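Let's take a walk through this protein together, starting from the empty spaces inside and then stepping back to the whole chain. Have the model open and ready to rotate.

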Amino acid sequence: MSKLLCDSLWRASAPAAPVLTSLEGRLEVDVVIVGGGFTGLSAALHMAKLGISVAVVEAQEVGFGGSGRNVGLANAGLWLEPDQLDKTIGAEAGKILYDALAVAPDYVYGLIDEYGIECEATRHGTLHAGVGKAGLVQLERRYEQLVRRGAPVQLLNASEAQSRIGSGKFNSALFDPRAGTIQPLAYARGLADAALKEGAKLFEFSPVNKIEPTPDGWAIHTDAGEVHAEKVILATNAYSEHGVKEQARKFVPIFYSQLASKPLSDAQLASILPNKEGVWDTCTVMSSFRLDKQGRLVFGGMGGEGSVLSNWASQRVKEMYPILNKVEWDYCWTGKIAYSEDHLPHCQQLQNGLFSVAGYSGRGIGPGTVVGAELAQWFAGQRESLSIPTTLLRDIPFRELKRMFYEVGAHTYHLGQQSHALD
């Protein structure tokens, strides 16, 4: 029971993290990034490759937040249905964002191959499993919209879905062969190793307690050090404590917990997810489930960890997989999702040179990796704008930014060029 309540399977099974120190003294770089998750590490890696001097300052350890606690489904696209995406930000901007994230798994698995990241990378697709009439209708609608945009998805009928999932509780499934599963904390640590290899500077256990403008840009301060840079990126997403706690005003934090079973038997693995896809369902209170490299069933749902969650998960899994009879859980852990109002991630330039990225709404692996790379390209002058919605705030005193951060108007901009209204 002690393991169940206090440990993460990802921490127990990930390769060793890079050996990092805390920030001490004064450092000068072109860009400083607050937060060592997918976005911050991807940005640091790509900036270093482009010759931009960059430092990452992490309050805990690399991958401590949602990046090291999530389900590990490397999906294409966003939670939002494509037609709703177009309606929210406009057809032109929607297409730009859709096209960028449709190939996000290619980008993730490409980095894994390029840098030899050991993260249990398995690219057998993912299944969005339909529950009830409403679930089937939702999947049919998503299928039509995705096919119209050229996605190679397949809508599985009840027998096909049940065979692929190994459970009779689903009436359909939307299969996306572009996607797959990874060990998320191992991926984050691999990005950190890659960033270090390219020349980025990374610091752990260095919570930021102050951010302030300087004549030449910005300075971030910790108890033992400070970094001066032309630009700052706040990439803490749902983990906005310490000197960036105002970031929490950007989103609704949702707790999502997961449990990992003891390794299943060969007989059980022959029928439960035999193709090793990752799965999530259409229920309002969503569940997710997948297998890890050791054949453990990893099951997740909304809410905090503890006996109530484990009892609910045990009952749910027993309903889905009677073959398991009694599930024995070895690990249980909880993470926070930064759930934005429009279900979209956003980049904001809070003031000249001060940027913020947050709001992945539970889908951070592909988007976080892509956004980090795009930020690097934009800073290097290789692109005019980002794919994700961006807002530029101007002429607001910094003392007001510290209080409000995200209380902005109703318009979206591409970092200086007005694009379209959101209201």
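How many cavities of 30 Å³ or more does the structure hold? In this predicted model, there are three of them. A cavity here is a space where a 1.4 Å probe fits but cannot get out.

Let's look into the largest cavity, which contains about 280 Å³ of space. Its lining is made up of 23 residues. If you would like to find its centre on your screen, go to Ala76, Leu78, Arg142, Leu146 and Arg363, the lining residues that lie nearest to that point.

Which kinds of residue face this space? Sorted by class, 14 residues of the lining of the largest cavity are nonpolar, five are charged and four are polar.

Now see where the walls come from. Three helices, H4 (82–89), H5 (91–102) and H7 (132–148), each give at least two residues to the lining of the largest cavity, and so do the strands E4 (126–130) and E6 (172–176). Helix H5 has the largest share, with four residues.

Stepping back, you can place these elements within the whole chain, which has 13 helices and 21 strands. The chain runs to 423 residues, and 58% of them count as buried, meaning under 20% relative accessible area.

Contacts in the chain often link distant parts of the sequence: among those with a separation of 6 or more, 74% are between residues 24 or more positions apart.

Finally, turn to the outside. The chain has an accessible surface of about 17,300 Å², and carbon and sulfur atoms account for 50% of that area.

Methods. Residues numbered from 1 in each chain as written. Predicted model: local features only at pLDDT ≥ 70, side-chain atom pairs only at ≥ 80, totals over all residues. Heavy atoms only, no water. 1 Å grid on protein atoms, 1.4 Å probe; cavity = no way out; pocket = protein on both sides within 12 Å on 5 of 7 lines; lining within 4 Å. Points joined across faces, edges and corners; volume = space filled by probe spheres on them. Nonpolar A, V, L, I, M, F, W, Y, C, P; charged D, E, K, R; others polar. Buried < 20%, exposed > 50% of the residue type's maximum accessible area, 1.4 Å probe, protein only. Contact = heavy atoms within 4.5 Å. Areas by Shrake-Rupley, 256 points an atom, 1.4 Å probe, with all protein chains shown as cover.
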